[in-house]
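Here's a quick tour for anyone meeting this structure for the first time. Have the sequence and the 3D view open while you read.

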Amino acid sequence: QLQLVESGGGSVQAGGSLRLSCVVSGYAVSLYSTAWFRQRPGEEREGLAVIDPKDYRIYADSLEGRFTISKDNAKNIVYLQMNNVEPEDSGTYYCATDLAPIIHASWALRPNKYAYWGQGTQVTVSS
């Protein structure tokens, strides 16, 4: 059974850091891509970063280099390292997969391309 479970969210002050984890079961992150999304209250879900089996990464331009996606193939976990966070980074963070072995900038950060989602983890950044 395919499952994605996020953790690591919480409250942090602006300028601080958080590392989110997405524990994957049912597929190997060494074979299929995994992405991170964020949803702010009242807004649509937005793609942040995606990593493919060969560690090729695509990021949303809006992140300005503050976030890093990585994975541990042995543990089957995908991470999102969030640095220099801002109050605008508050929201629910989700990991997802569409079981694609490759990614492309034209579609890799579109939520409607993803069929499998975790339950989300909440991040609150205070100023």
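Which side chain does Arg66 meet in a salt bridge? That would be Glu86, with 3.9 Å from N to O; a salt bridge here is a side-chain nitrogen of Lys or Arg within 4 Å of a carboxyl oxygen of Asp or Glu. Before going further, note that this is a predicted model, where local features need pLDDT of at least 70, side-chain atom pairs count only at pLDDT 80 or more, and totals for chains, interfaces and linings use all residues. Residues are numbered from 1 along each chain as its sequence is written, and side-chain values use heavy atoms, with hydrogens and water left out.

**Salt bridges**

- Arg66 and Glu86 link distant parts of the chain: Arg66 is in the loop between strand 6 and strand 7, Glu86 is in the loop between strand 8 (77-82) and strand 9, and 20 residues separate them. (Strands are DSSP runs of E, at least two residues, numbered from the N terminus.)
- Arg66 counts as buried because its relative accessibility is 10%, while Glu86, at 30%, counts as partly exposed. The cut-offs are under 20% relative accessible area for buried, over 50% for exposed, and partly exposed in between, with a 1.4 Å probe and protein chains only.
- Through shared partners, salt bridges join Arg38, Arg40, Glu43, Glu46, Arg66, Glu86 and Asp89 into one network.
- Within that list, Arg40 has a salt bridge with Glu43, their closest N and O atoms being 3.4 Å apart. Arg40 is partly exposed at 22% relative accessibility, and Glu43 is partly exposed at 41%.
- Lys71 pairs up with Asp55, and here the closest N and O atoms are 3.0 Å apart. This pair also ties distant parts of the chain together: Lys71 sits in strand 7 and Asp55 in the loop between strand 5 (46-51) and strand 6 (57-59), 16 residues apart.
- Lys71 counts as buried, at 15% relative accessibility, whereas Asp55 is partly exposed, at 35%.
- Searching the whole structure turns up seven salt bridges.

**The four-stranded sheet**

- Four strands make an open sheet in the order 1-3-8-7, with antiparallel pairing. Two strands count as paired if DSSP finds at least two bridges between them.
- Why do strand 1 (3-7) and strand 7 (67-72) each have one side without a neighbour in the sheet? They stand at the edges, each with a single partner strand, so one side is left free of a sheet neighbour.
- On average, neighbouring strands in this sheet are turned by 20 degrees against each other, direction ignored. (Axes are lines fitted to C-alpha atoms, for helices over the stretch in contact, and angles run from 0 to 180 degrees between N-to-C directions.)
- Strand 1 and strand 3 (residues 18-25) pair over five bridges, and one match is Ser7 with Ser21.
- Ser21 also has a bridge partner in strand 8, namely Tyr79; strand 3 and strand 8 are joined by six bridges.
- Strand 7 and strand 8 are likewise joined by six bridges, with Ile69 opposite Leu80.
- Those two strands form a hairpin with four residues between them, and Asn76 in the turn has a positive phi of about 60 degrees.
- Strand 8 is mostly covered, with five of its six residues buried.

**Glu6, a buried charge**

- Strand 1 has a covered face, Leu4 and Glu6, and an uncovered one, Gln3, Val5 and Ser7.
- Glu6 stands opposite Cys22 in strand 3.
- Glu6 is buried yet has no salt bridge, and Arg45, the nearest side chain of opposite charge, is 7.4 Å away. (Lys and Arg count as positive, Asp and Glu as negative; His and the chain ends are not counted.)
- The Glu6 side chain reaches the backbone nitrogen of Gln119 at 3.0 Å and the backbone nitrogen of Gly120 at 2.8 Å.
- Residues that Glu6 touches, leaving out those up to four places away in sequence, include Trp36, Tyr93 and Cys95. Contact means heavy atoms within 4.5 Å.

**Gly91**

- Gly91 is in strand 9 (residues 91-97) and counts as buried, at 1% relative accessibility.
- Gly91 and Val123 are 32 residues apart in sequence, but their C-alpha atoms are 5.4 Å apart in space.
- Leaving aside neighbours within four places in sequence, Gly91 is in contact with Gln39, Arg40, Thr121, Gln122 and Val123.

Methods: Polar contact = N/O pair within 3.5 Å; in protein donor to acceptor, adjacent residues only side chain to side chain.
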